[in-house]
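The following note is offered to a colleague reading the structure alongside its sequence. The points are grouped by region, beginning with the sheet and ending at the surface.

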Amino acid sequence: MDDVLKSIYEGVVNGNAPSVGKDIDAALAAGVKAEKILKEGLIAGMAEVGARFERNEFFVPEMLIAARAMQMGMNKLKSLLVASGVKPLGKVGIGTVKGDLHDIGKNLVSMMLEGAGFEVVDMGVDVSPAKFVDGAKNGIQVIAMSALLTTTMPGMKTTIEALKEAGVRSGVKVMIGGAPVTQAYADQIGADGYAPDASSAARLAKKLLGAE
Ligand code: B12
C-alpha cells in the first residue's frame, strides 16, 4: 500500500501525469482513503518539487509539469474529498493586478497553493481592485496579488486602499509577489506578507492563516 503512495509522490515529482492517474486508481481500488492519497502522495510530492525549486534543482518547466500531474490527481480525488468532508486549509483568491497580463508566476503560485491544500479561486489577469474587494466579500480569506510590471505594482496599493474603503480589510490577509515586488514594498503598502517564489508563497499563506 505504501508503495503505491510512493509511486504517486514520485509521479508528481517527475511530472508524470499518466502514472499519477493510474496509481491513484490503483490506490483507491485497494481501499486507500482519498485524504491519505492527497497528503502522502500529491501534497508531499508538490512539497518536494517546491524544495527542489528553492535549491535551484528544478526550474519553471519542471514546476509546470509537476503541477499538471498534481492537477490530474486532484481532479480524480476532488469529489471523493468533498464527499468525505475534508476541509481545505483556507480559501485564497489570486489574480494579476489591473493592467498586467503576466500570468505564468501567478499560475505557479496558484498550483503550489492547491498542492499545499488550499482552495484557490483564480481571478485571472488584469484584475481590478473592485474585483478583489468582491472576492473579500464572498468568503476569500487570503488575497494574493501578482505584478510583473513596475507600472502595475501600484495596483496592489490601490487594492489595499479599496479593501479598507469597503470595510473588509480586517477580514482578509493580503499577500503579494512578482519579480519587481519586495518585502520593503509590502511593508510600505501595508500588505500582510510577501514571498519571492511559489513554494514560499504556499508557506506564507499557511502562516497568515495560522495553519502551519
Ligand atoms: C513572459 C513575459 C511576458 C509575456 C507574458 C506571458 C504570460 N502569459 O505571462 C508577454 C509577452 C505577454 C509579456 C508582455 C509584456 N511584458 Co513581459 N515579460 C515576460 C518575462 C520574459 C518572463 C515573466 C515570467 O513569466 N517569469 C517566470 C515566472 C515564473 O516568474 P515570476 O512571474 O516572477 O513569478 C515568480 C515570483 O515572482 C513569485 N510570484 C509571482 N506572482 C506572485 C504572487 C504572489 C502573491 C506571491 C506570494 C508570489 C508571486 O512566484 C513565481 C514563481 O516562483 C519577463 C522577464 C523576466 N525574466 O522576468 C518580462 C517582463 C516582466 N516584461 C516586461 C515588459 C515591459 C512587458 C510589456 C510591457 C512589453 C511591451 N512593451 O508590450 C508587456 C506588458 C503586457 C501587460 N500589459 O502585461 C518587463 C517589465 C519591466 C518592468 N520593470 O516593468 C520584463 C521584466 C522584461 C524586461 N526585462 O524588460 N511579457
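1. Status of the model. The structure discussed here is a predicted model.

2. Arrangement of the sheet. Five strands form an open sheet, with parallel pairing and the order β2-β1-β3-β4-β5. Its edges are β2, residues 119-127, and β5, residues 193-194, each of which pairs on one side only.

3. Pairing around β4. Strand β4 covers residues 173-177 and is joined to β5 by two bridges, the two strands running parallel. In this part of the sheet, Ile176 stands opposite Tyr194 of β5. Strands β3 and β4 also run parallel, and five bridges join them. Ser146 has Gly177 in β4 as its bridge partner. As for solvent exposure, β4 is mostly covered, since four of its five residues are buried.

4. Helices on the sheet. Two helices deserve comment in relation to the strands. Helix α6, made of residues 129-137, packs on the sheet and touches β1 (91-97), β2 and β3 (142-146). The direction of α6 makes about 165° with that of β2. Helix α7, made of residues 154-165, lies across β1, β3 and β4. The angle between α7 and β3 is about 155°.

5. Thr96. This residue belongs to strand β1. With a relative accessibility of 0%, Thr96 counts as buried, because the limit for that class is under 20%. Beyond its neighbours within four places in sequence, Thr96 is in contact with His102, Asp103 and Lys106, with Gly124, Val125, Asp126 and Val127, and with Ser146. The last of these residues, Ser146, is the one whose bridge partner in β4 is Gly177.

6. Asp126. Is this residue of strand β2 buried or partly exposed? Asp126 has a relative accessible area of 38% and is therefore partly exposed. Its contacts, leaving aside neighbours within four places in sequence, are Thr96, Val97, Lys98, Gly99, Asp100 and Leu101. Asp126 and Val97 are 29 residues apart along the chain, yet their C-alpha atoms are separated by 5.2 Å.

7. Salt bridge Glu40–Lys36. The structure holds eleven salt bridges. In one of them the side chains of Glu40 and Lys36 meet, at 3.4 Å from N to O. Both residues are in helix α3 (residues 34-54), and because they are four residues apart there, about one helical turn separates them. Glu40 counts as partly exposed at 39% relative accessibility, and Lys36 is likewise partly exposed, with a relative accessible area of 30%.

8. Network around Glu48. The side chains of Arg52 and Glu48 meet in a salt bridge of 2.7 Å, N to O. Since Arg52 and Glu48 are four residues apart in helix α3, they are separated by about one helical turn. Arg52 is partly exposed, with a relative accessible area of 24%, whereas Glu48 counts as buried at 18%. Glu48 also forms a salt bridge with Arg55, where the closest N and O atoms are 3.8 Å apart. Arg55 is partly exposed, with a relative accessible area of 46%. Through salt bridges that share partners, Glu48, Arg52, Arg55 and Glu57 are joined into one network.

9. Ser200. Which residues does Ser200 contact, leaving aside its neighbours within four places in sequence? They are Glu54 and Ala195. Ser200 itself lies in helix α9, which comprises residues 198-208. At 11% relative accessibility, Ser200 counts as buried.

10. Nonpolar surface patch. Val60, Leu64 and Ile104 make a nonpolar surface patch of about 230 Å². Ile104 is placed in helix α5, residues 104-115. With a relative accessible area of 54%, Ile104 is classed as exposed, because that class begins over 50%.

Definitions and conventions
Residues numbered from 1 in each chain as written. Predicted model: local features only at pLDDT ≥ 70, side-chain atom pairs only at ≥ 80, totals over all residues. Heavy atoms only, no water. Patch = residues over 30% accessible without salt bridge, like charges linked within 9 Å, V, L, I, M, F, W, Y side chains within 5 Å. Areas by Shrake-Rupley, 256 points an atom, 1.4 Å probe, with all protein chains shown as cover. Salt bridge = Lys/Arg side-chain N within 4 Å of Asp/Glu carboxyl O. Buried < 20%, exposed > 50% of the residue type's maximum accessible area, 1.4 Å probe, protein only. Pairing = 2+ DSSP bridges. Contact = heavy atoms within 4.5 Å. Axes fitted to C-alpha atoms, helices over the stretch in contact; angles between N-to-C directions.
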